Each structure stands twice: as structure tokens, then as C-alpha cells.
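Grab a coffee and let's work through a few exercises together. Please have a look at the sequence and the structure first.

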2 protein chains.
Amino acid sequence: MNGFYENKDYGSLSEKVYRFLRDGIAEGRYQTGDCLIEMKIAEELGVSRTPVREALKQLELEDLVSSHPNRGVVVKSFTSEDLQDVSTIRHLLEGQAAFWAAQRVTDEQLKELREVVELMEFYTAKNDIVHLVALDTRFHELIYEASGSRTIRHILASLHHNIRKARQSSLTLPDRAPNSLAEHLSIYQAIERRDAQTAKEQMEAHVAVAAGNRMSD
Amino acid sequence: MNGFYENKDYGSLSEKVYRFLRDGIAEGRYQTGDCLIEMKIAEELGVSRTPVREALKQLELEDLVSSHPNRGVVVKSFTSEDLQDVSTIRHLLEGQAAFWAAQRVTDEQLKELREVVELMEFYTAKNDIVHLVALDTRFHELIYEASGSRTIRHILASLHHNIRKARQSSLTLPDRAPNSLAEHLSIYQAIERRDAQTAKEQMEAHVAVAAGNRMSD
DNA sequence: GATTGTATATTTGTATACAAACGCTTGTAT
DNA sequence: ATACAAGCGTTTGTATACAAATATACAATC
């Protein structure tokens with residue numbers, strides 16, 4: 001099958017279609033320039049056009065596809081310059097998120113962050129890349145959360161998908177894990193002692209390195 | 001009437017409904033916490049639920065409303081902290097946009113920018129606030145354009161609506177016009193001589209002041 | 001009196017039917 | 001042969017009908 005029904009079955013059909021298409025674009029199953037026809041997708045997935053339309057609308061607002069009126073939607077292209085720009089923007093925003101997180105983090109959030117870092121130490125020792133990637137994502141999400149800024153969370157979540165697509169061909173480099181751990185630890189420690197400026201600088205350095213060799217998410 | 005049919009009649013119905021609701025939220029016609037019921041809006045506007053759904057979906061993705069499953073969508077609240085955060089984020093991104101604009105601007109775009117600044121001089125002398133506000137918006141949009149970054153344009157356009165809503169009660173201060181002109185001129189000059197760092201700094205200063213007393217858009 | 005179960009109303013989620021717009025092909029006239 | 005127009009097929013845009021989910025009100029039972 002096409003994997004559609006293997007999705008978790010929580011969420012509405014629109015949600016499922018959305019995830020199916022979004023992942024399809026990120027994984028390259030839908031290529032740049034491909035035309036996404038509502039009817040075809042609906043038939044393939046065994047649903048009606050309505051949830052497909054909603055999914056396409058969402059993709060359009062996330063800038064992953066562009067809709068030509070009465071002509072269909074096509075998968076947008078991402079130049080390497082686009083990717084570069086997204087990295088820079090993420091650099092700016094992640095730094096600011098860390099800054100705010102240091103100022104606004106709650107004890108509960110700090111505890112969660114600490115746990116993530118400790119797990120990172122554990123899996124780094126075992127060189128377990130799969131878990132480390134998941135923990136990295138979790139670490140960053142916790143910081144967005146701790147920043148207390150709805151807007152920054154919103155923007156970074158939206159950028160996430162662009163990054164995924166842009167990154168489909170550039171592979172993860174595993175060797176960076178130990179360095180990555182040290183960086184995460186520095187960020188955590190700065191936040192723990194409420195040192196906003198340092199937290200920001202450490203995060204900027206971390207994102208800059210990650211952007212350079214495409215490791216963390 | 002409710003003003004819906006006074007909209008320009010280009011664009012689809014969904015577009016028109018979207019603009020109607022978005023402006024309604026920005027202008028306070030829909031208050032924080034209000035429930036937006038598809039059927040009611042559809043009846044009020046004399047359209048079916050389908051375009052209303054699309055409009056609500058878009059508003060949700062712009063973070064202006066939140067949708068509770070099977071309960072309806074409600075207009076989100078904006079705390080003063082949210083507004084503060086949006087200003088900071090805008091500060092960062094506008095600075096970066098100016099930086100890139102200085103590096104990437106085309107002669108054609110430079111000419112347009114110059115024309116806008118000259119018009120600003122003209123209307124500042126006449127103290128014509130209405131035209132100045134429009135020109136200010138135009139100036140910033142041209143810089144987004146010149147930055148060549150699709151992503152930054154996308155994010156800033158989206159923030160624009162949040163800012164509009166958050167700002168509904170804080171009025172425009174007219175006295176700043178002469179200072180504002182000088183700031184725009186400095187930014188333009190830095191871009192003209194391709195001085196990216198200065199363009200960025202000037203823009204950041206400009207946005208910071210504007211955020212402080214709510215003048216420019 | 002409090003709690004729980006059921007019926008009902010409200011609202012969203014999805015499917016389908018129909019209309020309008022656009023591109024493309026084909027046919028005809030010059 | 002080429003230019004232009006008419007017709008057809010494809011695809012989106014919109015309306016409507018129906019199904020599913022949830023809250024609410026009310027009654028029954030403990």
C-alpha cells in the first residue's frame with residue numbers, strides 16, 4: 001500500500017492527508033514541479049476531495065506548494081540559497097528563543113531539559129544516533145516552549161517542514177554527536193543560571209555549526 | 001450592510017471571506033474569545049460553509065484563531081507580552097532583511113526605493129500622515145522584496161496581521177514623521193552603497209523606535 | 001442532593017453534485 | 001501553412017446533503 005493507513009489514527013482525515021503529503025514532499029516522493037491533483041490524491045487515499053483541499057491549503061500557507069488559480073498546485077522548488085536563508089533565520093530566532101528561555105523558564109521546564117540532556121549523555125556514550133536525533137528535536141522544542149513566545153514557537157515549527165524538504169539530500173553526519181552533546185550542555189547550563197546572553201550566544205553557535213554540516217534539527 | 005460585498009471583487013470567495021474575517025479581528029469587530037460559527041458567518045455573508053471553512057483554516061494557521069475540535073473556533077487573545085515578542089522578532093528579521101537587501105538589491109529595486117523616499121520627503125513637508133503611512137508600508141515591502149528571501153517575506157507578511165490585531169488600541173503618533181524620514185533615508189543610503197552592516201543597524205534602530213511608540217508598520 | 005444515563009440540539013467533518021474557469025485540440029478560413 | 005475560434009476535457013471553486021462528535025438539559029436512580 002501507499003502507507004496512508006499506517007498513520008496513527010488519531011486526528012481528522014484532513015490531518016492525516018496533510019501529514020501524508022507533507023512527508024511525501026519532505027521525503028522526495030513528490031518532486032519539485034509535480035502537480036498535485038485533488039482528485040488523484042483523493043482516489044489514491046480513498047477519501048473525498050474535501051480533506052485533500054484542506055491539506056493542500058495548509059501546505060500552501062506553509063510555502064511548500066504554490067496554488068495557481070484553477071490550474072492546480074505544484075510543489076515549490078527550494079534553491080540552495082533558500083536553504084541558506086532559512087538557516088540564517090533559524091539562527092536568529094533560536095538565539096532569541098534561548099535568550100527568553102533563560103529569562104522565563106519554569107522549574108518544571110528546567111527539570112525536563114535536564115532530563116533530556118542526561119539522556120543525551122547516555123545515548124552519546126552508546127552512539128545511538130536514532131535516539132539522539134529525537135532528543136535533539138525534543139531539546140529544541142522544550143526551549144521554544146520555555147521561551148514563552150507563542151509567535152516564535154509558531155514560526156519555528158513552520159520552518160521545520162521547509163528545512164526537512166530542503167535537507168532531503170544532505171545526510172546526517174554522525175561524528176558530531178560528542179560535540180553536539182557539549183553544546184547542548186552549555187546551553188542548558190546557561191539557561192539554568194538564567195544567563196540569557198550566554199544562552200543566546202551558545203545557541204547561535206550551536207545552530208551555526210549544525211547548519212554547516214546538517215546534523216541537528 | 002456588513003461591508004462584505006464592498007470588497008474588491010477580484011479573488012475567490014474564500015479570499016473575500018478571509019479578508020472580511022481578518023479585518024474584522026484586526027478592527028475589533030470580533031473580540032477575543034468570540035466564537036466564530038461557520039453557519040452563522042456563511043449566512044451573514046450569503047455564501048456556503050465551504051469558503052468560510054477555508055478562511056477559518058487560514059486564520060488558524062496564522063495563529064489568529066484557535067480551533068477546538070467540534071466546538072468551534074475562537075478568536076485568540078494577545079497579551080501585551082505577545083505584542084512585545086512580535087516586535088522583537090520583527091526587529092531581528094527586518095534587520096536581516098535590510099542586510100540582505102544591501103547585498104542583493106537590483107538597480108530597478110533601488111530606483112523604486114529612491115522614489116518612495118523622495119515621495120516621503122514631499123509628504124513629510126506637507127505633514128500628510130495618510131500618505132506617509134502607506135509609503136512606510138511600501139518601503140518595508142520593497143526591502144523584503146529586495147532581500148530576495150522568500151521565507152523572510154513570508155514570515156513578515158504573516159506577522160503583519162498579528163501586529164494589526166495587537167495594535168488595534170494603540171494609536172498612531174504623528175509627531176515622529178520628520179525623524180522617521182531621516183531614518184528611512186539612512187537605510188536607503190546604506191543599501192544604495194551596498195553597506196549591509198549599516199543597513200541592518202539602521203533598520204534595527206528604526207524598528208526599535210517604531211515599536212516603542214507604535215508609528216510605522 | 002448528587003451522580004449518572006439518555007435524548008436532543010448544535011456544530012464540525014466528510015462526501016458528492018454541480019458550476020465556472022482554463023488549457024488544449026481540432027477544424028476552418030484566409 | 002498559419003491564425004483564430006469554437007468545443008471539449010480537465011481541474012478547481014462552491015453549494016448542499018449527510019454523518020459523526022460533543023455539549024447540554026433533563027430525568028431517573030442511589
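**Exercise 1. Find the helix that gives the most residues to the surface near DNA strand D.**

Helix 3 of chain B gives the most to that surface, with 3 residues. Helices here are DSSP runs of H or I with at least four residues, numbered from the N terminus, and a residue is near a strand if one of its heavy atoms lies within 4 Å of it.

A word on the ground rules: this is a predicted model, where local features need pLDDT of at least 70 and side-chain atom pairs count only at pLDDT 80 or more, while totals for chains, interfaces and linings use all residues. Residues are numbered from 1 along each chain as its sequence is written, chains are lettered from A and ligands numbered from 1 in the order in which they are written, and side-chain values use heavy atoms, with hydrogens and water left out.

**Exercise 2. Describe how the protein meets DNA strand D, starting from the residues that come nearest.**

Step 1: Of the 17 residues around the strand, the nearest are A:Arg49, B:Leu13, B:Ser14, B:Ser48 and B:Thr50.

Step 2: Look at the atom pairs, taking a polar contact as a pair of N or O atoms within 3.5 Å (within protein, one must be able to donate a hydrogen and the other to accept it, and residues adjacent in sequence count only if both atoms are side-chain atoms). A:Arg49 places a polar side-chain atom 3.0 Å from a base oxygen of DNA strand D. For B:Leu13, a polar backbone atom is 2.5 Å from a phosphate oxygen, and for B:Ser14 a polar side-chain atom lies 2.9 Å from a phosphate oxygen.

Step 3: Of the strand's atoms within 4 Å of the protein, 64% belong to sugar or phosphate, and the rest to bases.

**Exercise 3. Work out how chain B and chain A are related and how they meet.**

Step 1: A turn of 180° and a shift of 0.1 Å along the axis lay chain B on chain A with an RMSD of 0.2 Å, by least squares on the C-alpha atoms of residues with pLDDT of at least 70 in both. That is the relation of a two-fold axis.

Step 2: Each chain's share of the contact (heavy atoms within 4.5 Å) is 29 residues from chain B and 29 residues from chain A.

Step 3: The rule finds 8 salt bridges across this interface, each a side-chain nitrogen of Lys or Arg within 4 Å of a carboxyl oxygen of Asp or Glu. One of them joins A:Arg53 and B:Glu54, with the closest N and O atoms 2.9 Å apart.

Key
Helices (H or I, at least four residues) and strands (E, at least two) are DSSP runs, numbered from the N terminus.
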